[in-house]
Amino acid sequence: MKVFVDRDLCYGSAECAHRAPAVFEFVDGYGVVRPGREETGEDPEVLEAVEKCPSQAIGITVAPQSAPDRP
């Protein structure tokens, strides 16, 4: 799963940084994804931050599952 913050939508509530501080931080009045943390597993804290973001500025993308090789 890849996480991002749309700075055009973010109004700086810092909910993301409060809910998942290992992934998000508060910089210049906006929530941002910490460097190197764009790619995360299905972290429940990140999913909660996405769900609870009051401006709905956090997005996630999920990589498609590849089909297993068949002999």
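## A first look at the fold

Walk along the sequence and you meet the pattern β-α-β-β-α-β. That makes two helices and four strands in the chain, where helices (H or I, at least four residues) and strands (E, at least two) are DSSP runs numbered from the N terminus. Keep in mind that this is a predicted model, in which local features need pLDDT of at least 70, side-chain atom pairs count only at pLDDT 80 or more, and totals for chains, interfaces and linings use all residues. Residues are numbered from 1 along each chain as its sequence is written, and side-chain values use heavy atoms, with hydrogens and water left out.

Now for the chain as a whole. Of its 71 residues, 30% count as buried, meaning under 20% relative accessible area with a 1.4 Å probe, protein chains only. The chain exposes about 4,900 Å², and carbon and sulfur atoms supply 50% of that; the areas come from the Shrake-Rupley method with a 1.4 Å probe. Among contacts (heavy atoms within 4.5 Å) with a separation of 6 or more, 59% link residues 24 or more positions apart.

What about empty space inside? There is one cavity of 30 Å³ or more, a cavity being a set of points on a 1 Å grid over the protein atoms alone where a 1.4 Å probe fits but cannot get out. Points are joined across faces, edges and corners, and the volume is the space filled by probe spheres set on them. The largest cavity holds about 70 Å³. Its lining has 14 residues (each with an atom within 4 Å of a point), and C10, S13, A14, C16 and C53 lie nearest its centre. By class, nine are nonpolar, four polar and one charged; Ala, Val, Leu, Ile, Met, Phe, Trp, Tyr, Cys and Pro count as nonpolar, Asp, Glu, Lys and Arg as charged, and the others, Gly among them, as polar.

How many disulfides does the structure hold? Zero, with a disulfide taken as a pair of cysteine sulfur atoms within 2.5 Å. C16 is in none, and the sulfur of C53 is too far from that of C10 for a bond.

| Cysteine | Nearest cysteine sulfur | Relative accessibility |
|---|---|---|
| C16 | C10, 6.3 Å | 9%, buried |
| C53 | C10, 6.5 Å | 11%, buried |

Finally, look at T40, in the loop between β3 (30-33) and α2 (44-52). T40 is buried because its relative accessible area is 9%. Leaving aside residues up to four places away in sequence, T40 touches M1, V3 and V23.

Terms used
On a 1 Å grid over the protein atoms alone, a cavity is a set of points where a 1.4 Å probe fits but cannot get out, and a pocket is an open set with protein on both sides within 12 Å along at least five of seven lines; lining residues have an atom within 4 Å of a point. Buried means under 20% relative accessible area, exposed over 50%, partly exposed in between (1.4 Å probe, protein chains only).
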